[in-house]
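I am opening a notebook page for this chain, and I will write down what I looked up in the order in which I looked.

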Amino acid sequence: MARCFYCDKGVLFGNNVSHSHRRSNKMYSANIKKVKAKINGTPKTVYACTRCLRSGAVERA
């Protein structure tokens with residue numbers, strides 16, 4: 001799975017809990033997009049989460 005280049009956010013794991021309280025594994029995926037950003041002044045394709053895109057941490061190319 002992809003990880004955010006800026007904040008290192010990736011997948012999280014937890015439990016699905018049914019009504020009878022049986023547990024099974026669940027994967028929570030972060031909202032990660034492939035974007036073209038400026039890294040050290042050169043355009044490069046990286047993965048960034050939407051929180052970093054919205055907050056302005058990513059300088060788009």
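Which residues make up the largest nonpolar core? Before answering, I note that this is a predicted model, in which local features need pLDDT of at least 70 and side-chain atom pairs count only at pLDDT 80 or more, while totals for chains, interfaces and linings use all residues. I also note that residues are numbered from 1 along each chain as its sequence is written, and that side-chain values use heavy atoms, with hydrogens and water left out.

**Entry: confidence.** I found that the chain averages a pLDDT (the predictor's confidence in each residue, from 0 to 100) of 96, and that 100% of the residues score at least 70.

**Entry: core.** The largest nonpolar core (buried Ala, Val, Leu, Ile, Met, Phe, Trp, Tyr and Cys residues joined through side-chain atoms within 4.5 Å, where buried means under 20% relative accessible area with a 1.4 Å probe, protein chains only) has 10 residues: Cys 4, Ile 32, Val 35, Ala 37, Ile 39, Val 46, Ala 48, Cys 49, Cys 52 and Val 58. Strand S3 (32–39) and strand S4 (42–49) are the elements that give two or more residues to this core, and S3 gives the most, with 4 residues. I took strands as DSSP runs of E, at least two residues long, numbered from the N terminus.

**Entry: backbone.** I looked up two residues that have a positive phi although neither is a glycine: Asp 8, at about 65°, is in the segment before S1, and His 21, at about 70°, is in the loop between S1 and strand S2 (23–28).

Technical notes. Buried < 20%, exposed > 50% of the residue type's maximum accessible area, 1.4 Å probe, protein only.
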